[in-house]
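Reader: I would like a close look at one part of this model. Please take me through it step by step.

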Amino acid sequence: MAMDSGKVETLLKAQQLRDQFDNLEKHTQWGIEFVERYTKFVKERSEIEINYAKQIRNLSKKYQPKKNSREEEENKYTSCRAFLSTLNELNDYAGQHELIAENLTSQIIADLTRYIQDLKAERKSHFHDGRKAQQHIENSWKQLESSKRRFERDCKEADRAQQYFDKMDADINVTKADVEKARQQAQMRHQMASDSKSEYANYLQKFNQEQNEHYYTLIPHIFQRIQEMEEKRIERVGQSMKTFAEVDRSVLPIVGKCLDGMTKAAESIEPKSDSQQVIETYKSGFEPPGDVEFEDYGQAMKRTVSESSLSNSKGEGKPDKPSSKSKGKLWPFIKKNKGSGPEDFSHLPPEQRRKKLQAKIDDINKDIQKEMDQKDALTKMKDVYIKNPQMGDPNSVDPRLAEISQNIEKLQLEAQKFEGWLAEVEGRLPVKSDPPRRQSGLYETQNNTPVNNNCAQDRESPDGSYTEEQSSETQIRVPNTEFDDEFDDEETLPTIGTCKALYPFEGHNEGTISVAEGELLYVIEEDKGDGWTRVRRNEEEEGYVPTSYVEVFLDTNAKGAMTYI
């Protein structure tokens with residue numbers, strides 16, 4: 001019974017140990033899966049950071065001012081510059097999120113991926129050793145059981161042989177030979193039982209030693225290594241979680257600087273400076289119109305003849321239009337012409353025209369400098385070719401040099417043209433004014449008193465063209481009288497010289513005439529200090545052009561025409 005109870009206890013312990021191995025195997029497998037799950041979590045976080053950084057960069061790029069666009073011009077405002085700084089800081093901010101994703105990948109994801117492979121191999125090794133030790137002790141137990149059963153069987157055979165010998169020895173009828181045979185058989189069985197006993201004793205001693213070593217040395221050592229493996233796994237996960245936080249914390253100073261930059265940009269906005277920029281941008285340079293004078297309709301008067309009638313009353317016999325319909329708008333309310341406008345920017349207000357001309361001159365000067373640099377480089381190359389003919393033919397550079405020289409000459413002429421217009425705007429040349437007003441001889445004979453020029457103020461429109469705008473109060477009504485009739489009454493003015501147009505002039509305004517660059521015209525009235533010269537193209541076409549636009553050649557023998565101002 002004692003043997004049976006020992007056997008049961010041994011088998012029970014072996015089963016319990018086997019169950020512990022199963023439990024540990026399940027737990028360690030769960031630990032590996034936990035590390036894999038955490039690695040997947042960090043990987044998804046890294047992807048989120050990358051996508052977020054990409055979206056932030058795209059957002060910043062989307063709202064960046066485009067080259068050669070109106071948005072670039074808006075950068076002169078502090079609010080627009082602040083917004084641009086915010087976009088740049090936001091781009092740097094996106095870079096920090098990319099850095100987070102990069103650090104998460106290199107410091108956690110890659111590290112844990114390698115560790116998981118090592119962990120799986122280590123776990124496999126430990127459980128292989130445990131299974132091997134368990135298998136060894138089970139084999140030892142089976143050998144012990146086998147030797148014990150053999151010893152038991154031999155003992156029973158020896159007892160039966162002894163009983164048979166005793167029986168044969170007591171029987172007087174049995175021969176001596178049979179008795180001796182039975183005795184030898186009993187001795188052999190006893191010897192076999194004795195050998196089985198010795199073998200069983202040896203196996204038992206060996207098993208007890210191995211069992212003791214198994215339960216007190218091998219298995220505890222394997223369990224200890226598994227425990228250390230688990231503790232390292234848990235520690236590694238903890239380190240990864242700490243690194244996860246440190247990766248975010250490491251970029252906080254830069255992120256803080258980005259946010260400080262955004263705050264500083266916002267604080268740099270100056271409303272007064274922006275509003276002043278608007279004033280500078282749209283400042284026209286026009287003088288405010290004078291007071292509108294009272295027009296007395298109770299007294300019949302003839303309309304003052306002005307150069308505006310030259311274009312309005314070419315047809316004879318046409319009825320005079322009411323003054324309310326012929327009056328012009330004040331310049332702030334005139335609609336601007338659509339389109340690019342003339343080359344000299346005359347469609348712009350004076351101040352805007354000055355800025356455009358200056359910008360154009362600066363661009364031309366830059367182009368000239370580029371051409372000069374190319375010319376210098378080619379000249380040096382030609383000198384090198386002259387000194388070292390094996391490097392190239394010096395004559396091969398001449399066509400390009402000639403082309404560049406022509407380009408420079410063209411650009412210089414263009415620059416001179418724009419500088420002339422700029423000088424005119426800035427007052428260095430005679431400033432264009434409205435064509436002079438003239439009265440017919442008939443009007444002079446009827447009214448010897450001087451005309452008040454303030455009654456009909458000339459205004460320059462914001463589009464930069466030279467127009468005569470009269471308010472309804474400043475027009476003098478002349479019943480049943482046309483300017484063409486008065487003009488026909490005047491004596492035809494004689495030619496006093498010729499002139500050549502230096503620049504093209506559109507001549508959209510009343511009393512003016514359009515001319516082309518290089519066109520030759522007859523001068524019939526020289527400039528009287530108002531900036532206008534009266535010219536004639538043929539018998540029917542004559543009018544005023546800006547004096548600064550033409551080169552005048554007066555005939556000293558010609559008799560000048562009388563001018564009524």
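**Helix H8 and its partner**

Author: In H8, the buried residues (under 20% relative accessible area, 1.4 Å probe, protein chains only) are Glu351, Gln352, Arg353, Leu357, Ile361, Ile364, Ile368, Glu371, Leu378 and Tyr385. This is a predicted model, where local features need pLDDT of at least 70, side-chain atom pairs count only at pLDDT 80 or more, and totals for chains, interfaces and linings use all residues. Residues are numbered from 1 along each chain as its sequence is written, and side-chain values use heavy atoms, leaving out hydrogens and water.

H8 covers residues 350-387, 38 in number. Helices here are DSSP runs (H or I, at least four residues), numbered from the N terminus. From first C-alpha to last, H8 reaches 55 Å, close to the expected 56 Å. That expected span is 1.5 Å times one less than the number of residues.

What do the buried residues of H8 pack against? They pack against helix H5 (271-282) and helix H9 (398-426). Contact means heavy atoms within 4.5 Å.

Now turn to H9. Its buried residues include Leu401, Ile404, Phe418 and Trp421. H8 is part of what covers the buried residues of H9.

How do the two helices lie? The axes of H8 and H9 come within 9 Å and cross at roughly 160°. Axes are lines fitted to C-alpha atoms over the stretch in contact, with angles from 0 to 180 degrees between N-to-C directions. So H8 is roughly antiparallel to H9, a term for angles over 145 degrees.

Note on methods: Buried < 20%, exposed > 50% of the residue type's maximum accessible area, 1.4 Å probe, protein only. Parallel < 35°, antiparallel > 145°, perpendicular 65-115°, else oblique.
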